[in-house]
Amino acid sequence: KIKNIKARQILDSRGNPTVEVDVITNNNILGRASVPSGASKGENEAIELRDGNIEFLGNGVLKAVHNVNNIIAPELIGKSIMDQLYIDKLILNLDGTKNKRRLGSNAILGVSLAVTKAASKELNIPIYKYIGGIYAHLLPVPLINIINGGKHSDSSIVFQEFMIVPVGANTFFEAIQMGYKVYYKLKEILSKKGLSTNIGDEGGFSSNFNNIEDVLDNILESIHLSGYEPYDQIGIALDCAASEFYKKEKYNYSKFEKIQNNKEKIKKSRKEHVNYLSFLTKRYPIISIEDGMDQNDWDGWKLLTNELGKEIQLVGDDLFVTQVDKLNKGIKEKIANSILIKVNQVGTLTETIETISLAKKNKYNNIISHRSGDTEDSFIADLSVAFNIEQIKTGSVCRSERTSKYNQLLRIEELLGKNSYYSGLFLK
Ligand code: PGA
Ligand code: ZN
């Protein structure tokens, strides 16, 4: 049974305040969870509460902390720690809004995940097994971030994320080893060219490249020089985060005014933008594109899906915001073919699982994901194994809030031993 619940304000990887929740059981078992936060948020994400006062420049989360301690806790104390579904529904009723604006998704998610963690500890079994049962055995392919653009760095590149995908590894351990090698080879290449090797929010380099093709050429070079076969061993994945640069029905490729004045055509119509993504896919070993189009540009999404949907993975992040109704609409209209799963876009474990199940039923790939503002909490690593999900996106092979997830997956692979299976060539 739940004996006590206590929330507090801590700091995330960007130094912004976030919520941490402790759930304590009658046996004095502690379940602790902390909540991530995005920079390029989808319009329809569940609402995270921010205090909006002078402290912490408006970013404090003490209202959400208060809601946990004074509104949610009194309702949950004495309830069984194992009743996740009942507890999640109870909190949702307490909130009573569609987008969780009353209690805040940050308050709600913190409690939901801390309850799961306390329950697994109470039973003395790993989290992935508590959620997924004895058939949880699959280690995901990591989409490892190596270049940060968009809202995640000061780099001039408008696409937000460039990732490498070690599809040809035999184990998760080997996948990390391959990612590490390419990441450091890229660092060497950039250094030699006099480009900055400073990193952005998710641990990828935030150098000032000439353009998108320049980024991809450097990545390809690092794959080759590491001795790997593009496509067969390492693919490339993009997150355009296109909602961030779609303005007045144009995809605006310039992040800064100085490039705006360049001769290159930097404002593309949706057709030109789709053609460019198609061109990139033909020229480089790109196997996945996330948020290729703006979240409200459904005509653009249709165009992109018709153009590339049979060849590569097209992932909806801002488009679906981990929510069943949005995904259902996408399925009906045949938009994209995959979904990014972010626990804080929807706000409880139960709803996250509903979305994952809907995607599986309709043969949309699930990709479990971190946020650009994250914490040392490694819950999503367990979540991916719990549901045998083939892919996880959790940043670069550096920065502790990113490696905490990879490290947990390394532990899980070791723990599963002979029963573990690396999902590997998921796209073939
Ligand atoms: P965010 O970025 O956490 O800043 O939203 C991650 C993503 O867009 O996938
Ligand atoms: Zn995204």
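This section describes the zinc site, the sheets, one helix and several loop residues of a predicted model.

The zinc ion (ligand 2) is held by three protein donors, namely Asp239 (OD), Glu290 (OE) and Asp317 (OD), at 2.0 to 2.2 Å from the ion. Along the chain these donors are spaced as D-x50-E-x26-D. Asp239 belongs to strand β7 (residues 235–239) and Glu290 to strand β11 (residues 286–290), so this pair ties together parts that lie 51 residues apart in sequence. Asp239 and Glu290 are both buried.

A domain assignment is available for the beginning of the chain. The UniProt annotation, from an unreviewed entry, places the domain "Enolase N-terminal" at residues 2–131. Within residues 2–131, 38% of the chain is helix and 18% is strand. The C-alpha atoms at the two ends of this stretch are 18 Å apart.

Eight strands close into a barrel, in the order β5-β6-β7-β11-β12-β13-β14-β15, and their pairing is mixed. From one strand to the next, the twist averages 30°. Strands β7 and β11, which carry the zinc donors Asp239 and Glu290, are both part of this barrel. Strand β5 (residues 141–148) and strand β6 (residues 161–165) run antiparallel and are joined by four bridges. In this pair, Asn148 stands opposite Glu161 of β6. Helix α5 (residues 172–192) packs on the sheet and touches both β5 and β6. The direction of α5 makes about 15° with that of β5.

Further along the barrel, strand β12 (residues 313–316) is paired with β13 in the parallel sense through two bridges. Gly316 has Ile339 of β13 as its bridge partner. Between these two strands the chain passes through helix α10 (residues 324–332), and the resulting β-α-β crossover is right-handed. On the β14 side, β13 and strand β14 (residues 365–369) pair in the parallel sense over four bridges. One of the positions involved is Ser338, whose bridge partner in β14 is Asn365.

The side chains of a regular strand alternate between the two faces of the sheet. Strand β13 (residues 338–341) gives an example, with Ser338 and Leu340 pointing one way and Ile339 and Ile341 the other way. All four of these residues are buried.

The loop between α10 and β13 contains Ala336. Most residues other than glycine have a negative phi. Ala336, by contrast, has a positive phi near 60°. Ala336 is buried, because its relative accessible area is 6%, under the 20% limit for that class.

A separate open sheet is formed by three strands in the order β8-β9-β10, with antiparallel pairing. Its edge strands are β8 (246–247) and β10 (267–268), each of which pairs on one side only. Two bridges link β8 to strand β9 (residues 250–252) in the antiparallel sense. Within this pair, Tyr246 has Tyr251 of β9 as its bridge partner.

The loop between β8 and β9 contains Glu249. The phi of Glu249 is near 60°, a positive value in a residue other than glycine. Glu249 counts as exposed because its relative accessible area is 57%, and the class begins over 50%. Ala336 and Glu249 therefore both have a phi near 60°, but Ala336 is buried and Glu249 is exposed.

Helix α13 (residues 379–386) is mostly covered, as eight of its eight residues are buried. These residues are Phe379, Ile380, Ala381, Asp382, Leu383, Ser384, Val385 and Ala386. After α13 comes Asn388, which has a positive phi near 50°.

A further loop residue is Glu311, located between α9 (298–308) and β12. Glu311 is exposed, with a relative accessible area of 53%. The C-alpha atom of Glu311 is 9.2 Å from that of Thr281, although the two residues are 30 positions apart in sequence.

Note on methods. Residues numbered from 1 in each chain as written. Chains lettered and ligands numbered in written order. Predicted model: local features only at pLDDT ≥ 70, side-chain atom pairs only at ≥ 80, totals over all residues. Heavy atoms only, no water. Donors = N, O, S within 2.8 Å, 3.2 Å for Na, K, Ca; no water. Buried < 20%, exposed > 50% of the residue type's maximum accessible area, 1.4 Å probe, protein only. UniProt positions renumbered as here; feature names shortened; annotations may be inferred. Pairing = 2+ DSSP bridges. Axes fitted to C-alpha atoms, helices over the stretch in contact; angles between N-to-C directions. Contact = heavy atoms within 4.5 Å. Right-handed = clockwise from strand over helix to strand, strands pointing away.
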